[in-house]
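Look at the fold as a whole before turning to its parts. Then follow one sheet from edge to edge.

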Amino acid sequence: MNAVTDPGTPDRVLVVDDDPGIRRLLVSALEFAGFEVDTARDLTEALDQVARRPPDVVVLDVMLPGADGFEILQLLRARAVDVPVLFLTARDAVEDRVRGLRLGGDDYVTKPFSVVEVGARLQALLRRARGTAPAAEGTALRCADLTLDDPRHEVRRAGQLIDLSPTEYRLLHYLLDHQGQVLSRAQLLEAVWQYDFGGDTVVVERFVSNLRRKIDHGHPPLLHTVRGVGYTLRERNRT
């Protein structure tokens with residue numbers, strides 16, 4: 001379920017956090033930035049808000065009573081709610097950040113956070129979700145037995161369908177568009193995430209790891225790391 005937004009209407013953000021102080025802070029800052037903001041304290045309220053007023057983007061705290069943020073994300077994705085999701089995580093909880101990205105989250109900020117940064121990242125997620133299509137869209141992209149079919153929005157390896165999140169799909173599309181080239185983490189951040197992470201490339205690294213696990217498992221590897229430089233998609237790792 002995608003939210004369809006009139007270009008003249010503000011983007012709608014759903015903030016899911018059980019801390020009333022954080023909710024008030026984000027509502028105030030995001031409304032000032034031009035968003036419409038709905039809030040929820042837990043799973044039940046989050047699902048109710050999504051059903052009543054579908055959001056364009058979700059801010060989701062990891063630590064919630066009852067069902068945590070990861071469970072909420074899984075339920076949203078299971079219900080075909082594929083809008084971008086920004087996680088709020090504890091600064092030292094690396095495993096939370098990794099798990100959130102692996103489950104289909106799109107980005108994260110660590111607590112304590114800057115409300116300006118949250119707003120900037122939400123704008124970047126929305127630009128990426130609505131960005132102009134890559135030049136090769138409408139055609140099938142191929143590398144060895146890996147194919148990406150844009151009209152069907154399908155990815156297959158050796159004929160087997162591969163389930164990718166929207167961000168994984170966009171990352172693979174960019175790699176296929178530039179196959180054989182060595183792409184730095186900064187290039188991928190700019191092209192796929194459209195956001196300056198200030199040198200923090202863990203998002204790229206985690207998504208590349210997820211993508212490699214999905215497209216290369218049980219097959220000759222196509223996605224390669226060029227140590228100290230970045231990543232490349234090609235049939236064999238040429239030196």
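What follows goes from the whole chain to one sheet and one loop.

This is a predicted model, in which local features need pLDDT of at least 70, side-chain atom pairs count only at pLDDT 80 or more, and totals for chains, interfaces and linings use all residues. Residues are numbered from 1 along each chain as its sequence is written, and side-chain values use heavy atoms, without hydrogens and water.

The chain holds eight helices and 12 strands (DSSP runs numbered from the N terminus: H or I of at least four residues for helices, E of at least two for strands). Of its 239 residues, 47% are buried (under 20% relative accessible area, with a 1.4 Å probe and protein chains only; exposed is over 50%, partly exposed in between).

Now take the open sheet. Its four strands have the order 6-7-8-9, with antiparallel pairing (two strands pair if DSSP finds at least two bridges between them). Strand 6 and strand 9 (160-162) stand at the edges with a single partner strand each, so one side of each has no neighbour in the sheet. The twist averages 25 degrees from one strand to the next (axes are lines fitted to C-alpha atoms, for helices over the stretch in contact; angles run from 0 to 180 degrees between N-to-C directions).

Strand 8 (residues 154-157) is joined to strand 9 by three bridges. Here R157 stands opposite Q160. Helix 6 (residues 166-177) packs on the sheet and touches strand 6, strand 7 and strand 8. Its direction makes about 115 degrees with that of strand 7.

Finally, the loop between strand 6 (140-143) and strand 7 (146-149) holds A144. A144 is partly exposed, at 32% relative accessible area. Beyond its neighbours within four places in sequence, A144 is in contact with L222 and E235 (heavy atoms within 4.5 Å).
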